[in-house]
Amino acid sequence: MSTSLFEHLPEELQKISQKVIDNQRISPEEGIQLFECDELGFLGHLSNIVRERKNGNKTYFNRNFHIEPTNICVFDCKFCSYSRLIRERDDYQAWELSEEEIYDMVRAYENQPITEVHIVGGVHPKMGLHYFANLIKNIKKIRPDLHVKAFTAVELEYMCRKAKVSFKEGLKILKEHGQDSLPGGGAEIFDEDLRNEICKDKCTTAQWLEIHEAAHELGMPSNATMLYGHIEKYEHRIDHMLRLRNLQDKTGGFNTFIPLKFRNKQNQMSDIDEVSIIEDLKNYAVSRIFMDNFNHIKAYWPMIGRKTAQLSQSYGVDDIDGTIDDSTKIYSMAGAEDQNPTLTTEQLVNLVKESGRTPIERDTVYNELKDYTDVIFESDDNKKVLTY
Ligand code: V47
Ligand code: SF4
């Protein structure tokens with residue numbers, strides 16, 4: 001990069017910029033310096049160097065749907081707008097799907113070219129390891145080609161504890177029944193004091209990391225998330241990313257990092273203002289620069305909205321996920337931009353093209369399935385496949 005555009009910036013930022021250009025890892029202190037820098041153009045420029053080095057001009061999406069078996073949860077995270085306690089199961093917003101309802105959901109996508117099902121939900125006291133293992137086995141019977149990405153470390157810790165098996169034994173059972181990978185949820189913020197304040201009763205930081213490490217050792221890849229924009233400071237975000245970067249050095253099992261913006265509707269932290277779009281873009285950019293051993297940074301558009309998803313692609317993001325239907329309630333209940341998110345494949349592809357990027361359909365582990373550069377949408381089939 002020609003530093004001339006940014007030569008007014010302090011020397012320490014020039015040094016970081018040179019490191020990024022030279023493909024060198026930046027330190028936690030340097031990560032904090034980037035967060036403290038208010039020159040968004042500079043951060044965008046640097047993060048784009050990393051993004052394009054790793055993924056060129058491509059932006060990935062996939063075709064998946066969510067199953068959320070229940071929102072009944074034994075835990076009580078302060079930021080959660082979605083869960084209901086077992087004693088609130090009569091609340092009109094509480095649900096518990098039956099096995100048959102879940103299989104019907106899978107059958108409903110029978111003739112659609114979906115590649116992944118994402119299964120997560122509340123931690124229900126009655127839905128245990130063997131129940132879920134059997135559920136996955138039956139889903140795979142209906143749709144053997146479907147990649148099953150299921151259960152956050154929070155759900156897994158509870159399942160294994162109740163079944164009295166180690167994390168590795170529990171994951172092995174799930175793998176044998178057809179689970180392919182783990183989503184990134186439940187990470188929240190790793191700093192133990194903050195975790196204790198916002199979600200004190202669920203799996204600890206050490207357990208979250210241990211579960212993902214065990215999964216990687218069994219050949220099950222996973223994602224990682226970070227909930228930001230609440231009571232944490234920049235040093236906590238860097239501490240969170242550092243712990244993930246260290247584990248990734250050890251196992252190489254993470255596919256993608258997904259920063260999740262705290263949304264403040266209908267939860268116990270509603271008094272905290274949501275951060276600005278500028279802060280979202282800064283967070284994507286610093287994540288992209290700091291997490292040098294993660295190949296992908298995902299912006300989950302149903303949560304941040306379409307416009308920020310477009311902008312984010314100039315701040316390090318190379319993946320915008322691909323939930324079909326309004327099949328996830330986690331964000332709509334927390335006040336996300338898209339209350340009833342719906343996008344056709346055509347609209348999704350155009351969203352990427354308008355951002356000046358190349359839309360690539362991928363599978364869960366980033367095998368490229370289709371380049372949409374020259375695709376002209378004529379058939380109704382293509383139009384309705386991805387309905388967000
Ligand atoms: O762990 C809950 C977050 C996560 C709020 O792996 C909130 O591909 C913001 O992890 N404001 C679950 N966030 C969702 C998740 C996820 C989503 C999409 C893709 C993948 C993947 C993973 O949702 C929770 C928590 O961090 N969350 N409440 C809220 N009020
Ligand atoms: Fe339960 Fe997850 Fe909500 Fe926490 S974030 S209360 S674990 S559903």
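**α10 and α11**

I started with the crossing: α10 passes α11 right-handed (a crossing is right-handed if the near helix is turned clockwise from the far one by less than a right angle, left-handed if anticlockwise). Before going further I noted that this is a predicted model, where local features need pLDDT of at least 70, side-chain atom pairs count only at pLDDT 80 or more, and totals for chains, interfaces and linings use all residues. Residues are numbered from 1 along each chain as its sequence is written, chains are lettered from A and ligands numbered from 1 in the order written, and side-chain values use heavy atoms, with hydrogens and water left out.

Helices here are DSSP runs of H or I with at least four residues, strands are runs of E with at least two, and both are numbered from the N terminus. α10 covers residues 234-251 and α11 residues 277-290; they pack at about 35° with axes 11 Å apart. The axes are lines fitted to C-alpha atoms, for helices over the stretch in contact, and angles run from 0 to 180 degrees between N-to-C directions.

I then listed the contact (heavy atoms within 4.5 Å). Tyr 234, Arg 237, Ile 238, Met 241, Leu 242 and Arg 245 of α10 meet Glu 279, Lys 282, Asn 283, Val 286, Ser 287 and Phe 290 of α11. By class I get six nonpolar, two polar and four charged residues there. The classes: Ala, Val, Leu, Ile, Met, Phe, Trp, Tyr, Cys and Pro are nonpolar, Asp, Glu, Lys and Arg charged, and the others, Gly among them, polar.

**The sheet under α11**

α11 led me to an open three-stranded sheet, ordered β5-β6-β7 with parallel pairing (two strands pair if DSSP finds at least two bridges between them). β5 (222-228) and β7 (296-297) are the edges, each with a single partner strand, so one side of each has no neighbour in the sheet. α11 packs on this sheet, touching β5, β6 and β7, and its direction makes about 155° with that of β6. β6 (residues 254-261) is joined to β7 by two bridges, running parallel. I looked up one partner: Phe 257 bridges to Ile 297 in β7.

**The other sheet**

This one is also open, with three strands in the order β1-β9-β10 and mixed pairing. Neighbouring strands are turned by 35° against each other on average, direction ignored. Four bridges join β1 to β9 (residues 358-362), and the two run parallel. Phe 61 has Glu 361 in β9 as its bridge partner. α14 (residues 345-354) packs on the sheet, touching β1 and β9, at about 135° to the direction of β9.

**Two more helix pairs**

I checked α5 (residues 129-142) against α7 (residues 167-176): the angle is about 25° and the axes are 8 Å apart. They are therefore roughly parallel (under 35 degrees; over 145 is roughly antiparallel, 65 to 115 roughly perpendicular, the rest oblique). Leu 129, His 130, Phe 132, Ala 133 and Ile 136 of α5 touch Gly 170, Ile 173 and Leu 174 of α7. I find no charged residues in that contact, just six nonpolar and two polar.

α1 (residues 11-21) and α2 (residues 28-36) have axes that come within 10 Å and cross at roughly 115°. That makes α1 roughly perpendicular to α2. The crossing of α1 past α2 is left-handed.

**Ligand 2**

Last, I asked which residues surround ligand 2. Cys 73, Phe 75, Cys 77, Phe 79, Cys 80, Tyr 82, Ser 83, Gly 122, Val 154 and Lys 202 do (a heavy atom within 4 Å). I make that shell seven nonpolar, two polar and one charged.
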